Amino acid sequence: MLMGTFRKPRIPGIRIPLRKFPFLSGALCIFSLLVVPIPKIERQESQFPSRENVIQQKTLLNDSICSRFPRPSFTASYLWQTNLPKIVNASKNPLLPGLLNPEDDRRLYSLLFKTLPASRMRRAVQHTPSTSSSQRASVRHIFRVIQRRLHDPENNPPLRIAVFGGSVTIGRGCEAGKRAMQNYNCAWPMRLQLLINQFFDMDLVKVYNLGVGGTNSGVATNMVKYWMYPTELAKVGPDVVVNSYSTNDSLPPWDLKDDPNADLVTAVLDQARDGLQQFIRAALTSNRCKVPPLVVHMDDYLGPQQDSLLGEMSYNTAMRQLAKWYDTFAISYGEVVRDISWLEGDSTFFNKNDVHFSNWAHQTIAWSIGFASLELLSTFCDDGFARAVYNFNSTGGDHNKIPKYYLYLPPPLTRELLRKDVEDKYAEALKSAQESYVAMACFNKTTGGDGNELEDRSPCIVSWIATPGGYGVPQISHFMDRHSKNSGVPIQGWKTENQLAEGWGNKIGWVATQSDEQQR
C-alpha cells in the first residue's frame with residue numbers, strides 16, 4: 001500500500017536498485033516521511049462540548065436507569081463478569097428442590113465461569129433496536145418501568161413480559177425422569193423471572209408463559225391480535241412480547257418432508273419469515289395509538305428436524321433479516337452453544353434425538369436473554385448519553401426518514417418487494433399510518449404513557465385457543481355425549497381421532513368421518 005501511495009524516495013549520493021530489493025521500498029517510503037517537511041495545519045476550534053456543558057447535560061440522565069451504572073459508558077461483558085457470583089445464586093431454582101444440591105451447584109458454577117464466559121454469551125445478541133421510533137420508544141418505556149419499580153415498588157407494577165412458544169417453551173422434557181407434557185417451573189420463562197427477581201431481591205418482572213404445545217407463530221399472532229391474554233394481563237397488555245417459536249417454525253412442511261427433491265432449506269426459510277413477520281406486524285400495532293410492546297425474538301432451536309445444517313439455521317437467518325428490517329430485538333441461544341453442541345457433541349445443551357432438552361439448556365436460555373438485555377441497556381444508555389451531551393441524533397439526523405408514528409410499519413419484506421419500488425412502498429406505508437392515526441383519533445390520546453390505562457382492546461366478545469394435549473379420547477367422547485344428551489341432537493358422522501404417532505401433525509381431536517357433516 002505504501003508503494004502505491006508515495007513515490008520512491010531519492011536520497012542524494014545513494015542509488016539503490018529497488019527492483020532487486022523490493023522490501024526496501026516500503027521502508028524508504030516511511031523514512032521519506034521523516035525528512036519531508038510537514039505543512040502547518042491551522043488549529044480549529046474543538047467540536048467537543050466543554051466540561052461544564054458535559055456536566056450540565058449529564059444531569060438529564062440522572063433520573064433514568066442509566067444513573068445506576070458506571071459513567072460515561074459500560075459494557076454488558078463488564079456487568080456480567082463483575083456480578084457472576086450473584087448471578088450464580090440468582091440462577092438457583094427454589095421451585096425444583098431436587099436440583100438444590102452440591103453437585104448441581106458445582107455444575108452451575110462450572111457452566112457460568114468456564115463453559116459460558118462473557119465472550120461466548122455475546123453471541124446471543126443478534127440485533128438491538130436502534131433506528132425505529134416505535135421500538136426506541138418501547139425500549140425507553142421498559143427501562144422507565146424498571147426504574148420506577150426499583151425506586152417505588154409499592155406504587156409501580158413490575159415489568160410485564162408475555163412469552164409465546166411451543167412445547168419447548170412450556171418445559172416438556174425439561175426435568176430428568178419426568179415425562180409431563182409441560183413443566184412450567186423448569187422451563188426457561190420461569191427461570192428468567194427467577195434470575196432477574198432473585199438478583200434484585202424483589203419482584204422486578206412478571207413473566208407470563210403463554211406457550212401452547214404443537215403450535216407455531218400463527219397461533220401467537222392471533223393471540224396478540226385478538227388480545228388473548230390472562231385476565232390480569234389483559235387489563236393493561238404486556239410491556240414485552242417474546243416470540244419463542246423457533247423450533248416449531250423450523251419444522252419442514254409436512255407435504256415436503258418425504259420429497260427427496262424438495263429444497264427444505266428454502267422452504268423453512270420462507271415459512272419462518274412469513275410466520276414471524278405476521279407476528280411482528282401484529283405485535284407492533286397491538287397497542288393502537290400507544291407505545292407498542294418491545295418485540296423480542298428468542299431463537300432456542302438447534303435441531304434435529306432435517307439433515308441439512310443450513311436448513312437447521314434457516315430460522316435464525318429469517319429472524320435476523322426481520323429484526324433488522326423492523327428494528328426489533330433478536331436473541332439466539334443457538335448461536336451461544338451451537339459449536340459446543342454440534343462440533344463437540346456436548347449433550348448439555350442439545351438433544352440429538354429430540355427437539356426438547358434438559359434443564360441446563362433452559363437455564364442457559366435464561367442467561368442468554370439476561371446477557372442480551374444488559375447489551376440492550378448498555379446501548380440505550382450510550383445513545384442517551386450521546387444525545388444529551390453531544391446533541392447527537394443516533395438515528396441519522398436529517399437523513400432519517402422513519403416517521404414517528406407508533407402505527408407505522410415498513411412494507412412487508414417479501415420476494416415481491418423490489419429495490420426500484422421500495423421508496424414508493426415506504427411512502428404508501430407512511431400514508432397508511434397517517435390515515436390510521438386520524439381514523440383512531442390518536443391525537444386525542446396519550447401516546448407516551450406507561451400503558452397502565454384500563455382498556456379492553458379485544459375486538460371479540462369471546463375468544464379462545466384450542467390447545468392440543470389437554471384432553472384424551474375418553475374425555476372428548478364424554479364431553480360430546482353429554483352435549484348430545486343435553487341438546488337432544490344425535491351424533492352422526494363424527495368421532496375422536498387419535499394418531500399421536502407422528503407427534504406434530506395429528507393430535508387427539510374431534511373429526512368428521514363423512515362429507516358435509518355438521519356438528520350443532
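What share of the 520 residues of the protein chain counts as buried? In this predicted model, the share is 45%. The protein chain has 19 helices and eight strands. Among contacts in the chain with a separation of 6 or more, 75% are made by residues 24 or more positions apart. The points below treat the largest pocket, the nonpolar cores, one buried polar residue and some features of the backbone.

**The largest pocket**

- The volume of the largest pocket is about 760 Å³.
- Eight elements each give two or more residues to its lining: helices H4 (76-82), H8 (133-151), H9 (188-200) and H17 (359-390), together with strands E2 (159-165), E4 (240-244), E5 (294-299) and E6 (329-332).
- Helix H17 supplies the largest share of this lining, namely six residues.
- In total, 32 residues line the largest pocket, and those nearest its centre are Ile196, Phe200, Gly370, Ser373 and Leu374.
- Sorted by class, the lining comprises 28 nonpolar residues, three polar residues and one charged residue.

**The nonpolar cores**

- The largest nonpolar core contains 63 residues, and Trp80, Phe143 and Trp367 have the most contacts inside it.
- H17 is the element that gives the most to this core, with 12 residues.
- Beyond its neighbours up to four places away in sequence, Trp80 touches Ile87, Leu112, Ala118, Met121, Trp367, Gly370, Phe371 and Leu374.
- Two of these partners, Gly370 and Leu374, are also listed among the residues nearest the centre of the largest pocket.
- A second core, separate from the one above, has 32 residues, including Ala162, Val224, Tyr229 and Leu276.

**A buried polar residue, Asn316**

- Asn316 is located in helix H15, which covers residues 314-326.
- Its relative accessible area is 4%, under the cut-off of 20%, and Asn316 is therefore counted as buried.
- The side chain of Asn316 makes a polar contact of 3.4 Å with the side chain of Ser332.
- Leaving aside residues up to four places away in sequence, Asn316 touches Gln126, Asp299, Ser332 and Glu335.
- Of these partners, Asp299 falls within the range of strand E5 (294-299), and Ser332 within that of strand E6 (329-332).

**Features of the backbone**

- Gly303 and Pro304 are joined by a cis peptide bond, with omega at about 0°.
- Pro304 belongs to the loop that runs between E5 and helix H14 (309-312).
- Asp201 is not a glycine, yet its phi is positive, at about 60°.
- The loop between H9 and strand E3 (205-209) holds Asp201.
- Asp201 has a relative accessible area of 71%, over the cut-off of 50%, so this residue counts as exposed.
- Trp227, likewise not a glycine, has a positive phi of about 55°.
- Trp227 lies in the loop between helix H10 (217-225) and helix H11 (231-234).
- Because its relative accessibility of 5% is under 20%, Trp227 counts as buried.

Key: Residues are numbered from 1 along each chain as its sequence is written. This is a predicted model: local features need pLDDT of at least 70, side-chain atom pairs count only at pLDDT 80 or more; totals for chains, interfaces and linings use all residues. Side-chain values use heavy atoms; hydrogens and water are left out. On a 1 Å grid over the protein atoms alone, a cavity is a set of points where a 1.4 Å probe fits but cannot get out, and a pocket is an open set with protein on both sides within 12 Å along at least five of seven lines; lining residues have an atom within 4 Å of a point. Grid points are joined across faces, edges and corners, and a volume is the space filled by probe spheres set on the points. Helices (H or I, at least four residues) and strands (E, at least two) are DSSP runs, numbered from the N terminus. Ala, Val, Leu, Ile, Met, Phe, Trp, Tyr, Cys and Pro count as nonpolar, Asp, Glu, Lys and Arg as charged, and the others, Gly among them, as polar. Buried means under 20% relative accessible area, exposed over 50%, partly exposed in between (1.4 Å probe, protein chains only). A polar contact is a pair of N or O atoms within 3.5 Å; within protein, one must be able to donate a hydrogen and the other to accept it, and residues adjacent in sequence count only if both atoms are side-chain atoms. Contact means heavy atoms within 4.5 Å. A nonpolar core is a set of buried Ala, Val, Leu, Ile, Met, Phe, Trp, Tyr and Cys residues joined through side-chain atoms within 4.5 Å.
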